[in-house]
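Subject: Structure handover

Hello,

Here is the structure for you to take over. My notes on it follow below.

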Amino acid sequence: MGSIDLNSLSADDLKQLMANAERTLRERHQQRVQSLRKEAEELASLLNVSIAELFGLEKSSKLANKKLPAKYVNPADASQTWSGRGKRPHWLADALARGESLSSFEV
């Protein structure tokens with residue numbers, strides 16, 4: 001690689017050189033990432049697995065497919081229940097806003 005006499009360049013030339021070098025580095029990084037992604041996809045395809053499985057990215061929660069038992073029930077409609085996880089249902093949030101206690105809805 002030829003050497004560049006940086007002392008002979010103006011401030012604008014140096015800024016342009018730096019901008020070009022940074023752009024080239026970003027482009028090379030993106031090309032490398034794309035190349036590695038393609039290799040990973042090909043390997044996953046050969047193994048008949050997804051990319052997520054290949055890298056262990058799939059979340060497998062023990063509770064993911066398991067319905068939790070109800071902890072709270074709507075006294076006005078027993079079909080409306082809440083396990084205590086996630087966002088509170090509207091019927092419960094409204095009742096709590098009216099000043100009722102959470103324990104009055106326990107199963």
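Is S8 buried or exposed? With a relative accessible area of 54%, S8 is exposed, because anything over 50% falls in that class. Please keep in mind throughout that this is a predicted model.

**The start of the chain**

S8 sits in the segment before α1. The side chain of S8 comes to 2.7 Å from the backbone oxygen of D5. I also checked S8 against S101. The two are 93 residues apart in sequence. Their C-alpha atoms are 78 Å apart in space.

**Helix α1 and what follows**

Helix α1 covers residues 11-47. L46 belongs to this helix. Its relative accessible area is 74%, so L46 is exposed. L46 is also part of a nonpolar surface patch. The other members are L43, L47 and V49. The patch has an area of about 390 Å².

N48 lies in the loop between α1 and α2. Look at its backbone. N48 is not a glycine, yet its phi is positive, at about 60°. Most residues other than glycine have a negative phi. N48 is exposed as well, because its relative accessible area is 72%.

Helix α2 spans 51-54. A52 is in it. At 24% relative accessibility, A52 is partly exposed. Setting aside residues up to four places away in sequence, A52 touches L57 and E58.

Next comes the loop between α2 and β1, where K67 is found. K67 has 76% relative accessibility, so it counts as exposed. K67 and L36 are 31 residues apart along the chain. Between their C-alpha atoms there are 39 Å.

**The core**

Which residues make up the largest nonpolar core? There are 6: Y72, W82, W91, L92, A95 and F105. Helix α3, residues 90-97, supplies the largest share of this core, with 3 residues.

F105 is worth a look here. Beyond its neighbours within four places in sequence, F105 contacts several residues of that core, among them Y72, W91, L92 and A95. F105 is also in contact with K71, V73, P75 and E100.

**Two buried polar residues**

The first to check is N74, in strand β1, which runs over residues 72-74. Why does N74 count as buried? Its relative accessibility is 10%, and the class takes in values under 20%. The side chain of N74 makes a polar contact of 2.4 Å with the side chain of Q80. Not counting residues up to four places away in sequence, N74 touches Q80 and W91. W91 is a member of the largest nonpolar core.

The other is S83. It is placed in the loop between β2 (77-82) and α3. At 17% relative accessibility, S83 counts as buried. A polar atom of the S83 side chain lies 3.3 Å from the backbone nitrogen of R85. What does S83 contact beyond its neighbours within four places in sequence? The list is L68, P69, A70 and K71. K71 is in contact with F105 too.

**The salt bridge**

How many salt bridges does the structure hold? The count is 1. Side chains of opposite charge can pair when their charged atoms come close. Here the partners are R98 and E100. Their closest N and O atoms are 3.0 Å apart. R98 is exposed, because its relative accessibility is 58%. E100 is at 35%, so it counts as partly exposed. E100 is also in contact with F105.

**Where to look**

Three places to open in the viewer:

- The patch of L43, L46, L47 and V49, then N48 with its positive phi.
- The polar contact between N74 and Q80, with W91 touching N74.
- The salt bridge between R98 and E100, with F105 in contact with E100.

Over to you.

Best wishes

How values were computed: Residues numbered from 1 in each chain as written. Predicted model: local features only at pLDDT ≥ 70, side-chain atom pairs only at ≥ 80, totals over all residues. Heavy atoms only, no water. Core = buried A, V, L, I, M, F, W, Y, C linked by side-chain atoms within 4.5 Å. Buried < 20%, exposed > 50% of the residue type's maximum accessible area, 1.4 Å probe, protein only. Helix = DSSP H or I, 4+ residues; strand = E, 2+ residues; numbered from the N terminus. Contact = heavy atoms within 4.5 Å. Polar contact = N/O pair within 3.5 Å; in protein donor to acceptor, adjacent residues only side chain to side chain. Patch = residues over 30% accessible without salt bridge, like charges linked within 9 Å, V, L, I, M, F, W, Y side chains within 5 Å. Areas by Shrake-Rupley, 256 points an atom, 1.4 Å probe, with all protein chains shown as cover. Salt bridge = Lys/Arg side-chain N within 4 Å of Asp/Glu carboxyl O.
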